Amino acid sequence: MMMNPKCRFSIVIFTSFLLMQEINSFAKDGKLEAITALNIIGNTRTDMCSAANLDLTLDFTLWNGYTNLAIYNANYMSTRIYQNKGTLESIPDLTFFNFARNVVITGSPKVFSSGLAFEPGVFSRYKEFAPYAYYKHGVIRLYDLSLSYVYTSVDSEWYYKLKSRKWDNASSILTEIHQRNGSTDMKDENVVLYFAQKEDGYWSKPYFDCGFNNIWLVTFSVPIFGQDATGNPVFKGIAFIDMNLNESDINQCDIDDDDESADIFLNVFRGTHKCLPNTKCEFQPGLGFRKGSYNCLQVNGSFFNSEGRLLVILFGIGFQIFWTAW
């Protein structure tokens, strides 16, 4: 049966009106960026891969412990660069891959991948070098990112943001070294070493790693330092970790509807459910980084889910009605 053109036009106008009302409502509540991000997440498909970034203001407090893995690697590399007069020529390639792999082993499953990326000149045998370790089908794979990726370009947020900073006031510590050569004590040596702290690091925006891993990630990177001829700090590269967002649940229920059911990092999505005013949002954990992981529970005990189809389900003593909110 063909719909009357005037009727079809009226439906389009009414639907557009409802959509604008919803957008205005969430904008007033300060949730517009979260709603925009949820729509991007919902429209991102691995079979039609395209790069996507989420413009969100996030709280990384609960992930601070993982940043120490990258900070340790960065400061170790800074020390070795100092000891080797500005280069890392004496260290075999596999050693760098092992540093990246050990971070993935230690931080799994939250840490999906890890790596190092060095400035040109740190190695004479390579123009660029970025040893990288990541999970793939239950196996940790080692790969040099520089083989397929120009990480030094301005498009590499996780690298360029740190490279472009001024590091004149980088943290430093005076180290007194007392060594021996065989059975002979050597003369004490005092050296100044520059080191990175958590505050020096950079969290990227969440992004869909299209084509390589095809998952949602967020990257924390921290600088590696060398020294110039006058002893001032010089940027020499980064150490980084990639946090796996696919394993994180998105809780859209109101912040006071349940307790510690969701990561504080994702609290930006709280309060973006579409349950009716006379219903209570009930979070459904375990569904991963996707929208709509909730049911709407009415006061009288009936349920609505978040997928939009009308369903009737028998629970032995009665019917439970489910309605999708998205």
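**Note on the predicted model**

1. The protein chain exposes an accessible surface of about 18100 Å², and carbon and sulfur atoms hold 55% of that surface. The coordinates are those of a predicted model. The chain has 326 residues, of which 41% are buried. Its secondary structure consists of five helices and 17 strands. Among contacts with a separation of 6 or more, 53% are between residues 24 or more positions apart.

2. Helix H3 covers residues 64–83, which is 20 residues. From first C-alpha to last, H3 reaches 29 Å, close to the 28 Å expected at 1.5 Å a residue. The residue to look at after the helix is lysine 85, which follows H3 and has a positive phi, near 60°.

3. Which residues of H3 are buried? They are Thr67, Leu69, Ala70, Ile71, Asn73, Ala74, Asn75, Met77, Ser78 and Ile81. The cover over the buried residues of H3 includes helix H4 (93–107) and strand S2 (111–118). Strands S8 (189–194), S9 (202–203), S11 (216–227) and S12 (233–244) are also included in that cover.

4. Alanine 37 sits in helix H2, residues 32–43. Its relative accessibility is 3%, so alanine 37 counts as buried. Leaving aside residues up to four places away in sequence, alanine 37 touches Leu54, Leu56 and Phe269. Leucine 54 is 17 residues from alanine 37 along the chain, and the two C-alpha atoms are separated by 5.5 Å.

5. The structure holds 24 aromatic pairs. One of them joins tyrosine 151 and tyrosine 159 in an edge-to-face arrangement, with 5.1 Å centre to centre and 70° between the planes. Both of these tyrosines, 151 and 159, are buried. Another edge-to-face pair is tryptophan 167 with phenylalanine 225, at 5.3 Å centre to centre and 70° between the planes.

6. Why does the pair of tryptophan 167 and phenylalanine 225 tie together parts that are apart in sequence? Tryptophan 167 lies in the loop between helix H5 (157–163) and strand S5 (172–177), while phenylalanine 225 lies in strand S11, so the pair ties together parts 58 residues apart in sequence. Both partners are on the buried side of the cut-off, which is under 20% relative accessible area. Tryptophan 167 has 9% and is therefore buried; phenylalanine 225 has 1% relative accessibility and also counts as buried.

7. One aromatic cluster is formed by Tyr132, Tyr134, Tyr149, Tyr151, Trp158, Tyr159, Phe235 and Phe240. Two members of this cluster, Tyr159 and Phe235, are among the residues touched by glutamate 119.

8. Glutamate 119 is in the loop between S2 and strand S3 (131–136). With 14% relative accessibility, glutamate 119 counts as buried. Not counting residues up to four places away in sequence, glutamate 119 touches Thr152, Tyr159, Lys163, Phe235, Lys236 and Gly237. Lysine 163 forms a salt bridge with glutamate 119, the closest N and O atoms being 3.6 Å apart. That pair links distant parts of the chain, with lysine 163 in helix H5 and glutamate 119 in the S2–S3 loop, 44 residues apart. Lysine 163, at 32% relative accessibility, counts as partly exposed.

9. How many salt bridges does a search of the whole structure find? The search finds five salt bridges. One of these is between glutamate 89 and arginine 125, whose closest N and O atoms are 3.2 Å apart. This pair also links distant parts of the chain: glutamate 89 is in the loop between H3 and H4, arginine 125 is in the loop between S2 and S3, and their positions lie 36 residues apart in sequence numbering. Glutamate 89 is partly exposed, with a relative accessible area of 29%, and arginine 125 is partly exposed as well, with 35%.

10. Glutamate 199 forms a salt bridge with lysine 198, with the closest N and O atoms 3.9 Å apart. Glutamate 199 is exposed, having a relative accessible area of 57%, whereas lysine 198, at 35% relative accessibility, counts as partly exposed. Elsewhere, salt bridges that share partners join Glu89, Asp93 and Arg125 into one network.

How values were computed
Residues numbered from 1 in each chain as written. Predicted model: local features only at pLDDT ≥ 70, side-chain atom pairs only at ≥ 80, totals over all residues. Heavy atoms only, no water. Helix = DSSP H or I, 4+ residues; strand = E, 2+ residues; numbered from the N terminus. Expected span 1.5 Å × (residues − 1). Buried < 20%, exposed > 50% of the residue type's maximum accessible area, 1.4 Å probe, protein only. Contact = heavy atoms within 4.5 Å. Areas by Shrake-Rupley, 256 points an atom, 1.4 Å probe, with all protein chains shown as cover. Phe/Tyr/Trp six-rings, centres within 6.5 Å; stacked < 30°, edge-to-face > 60°. Salt bridge = Lys/Arg side-chain N within 4 Å of Asp/Glu carboxyl O.
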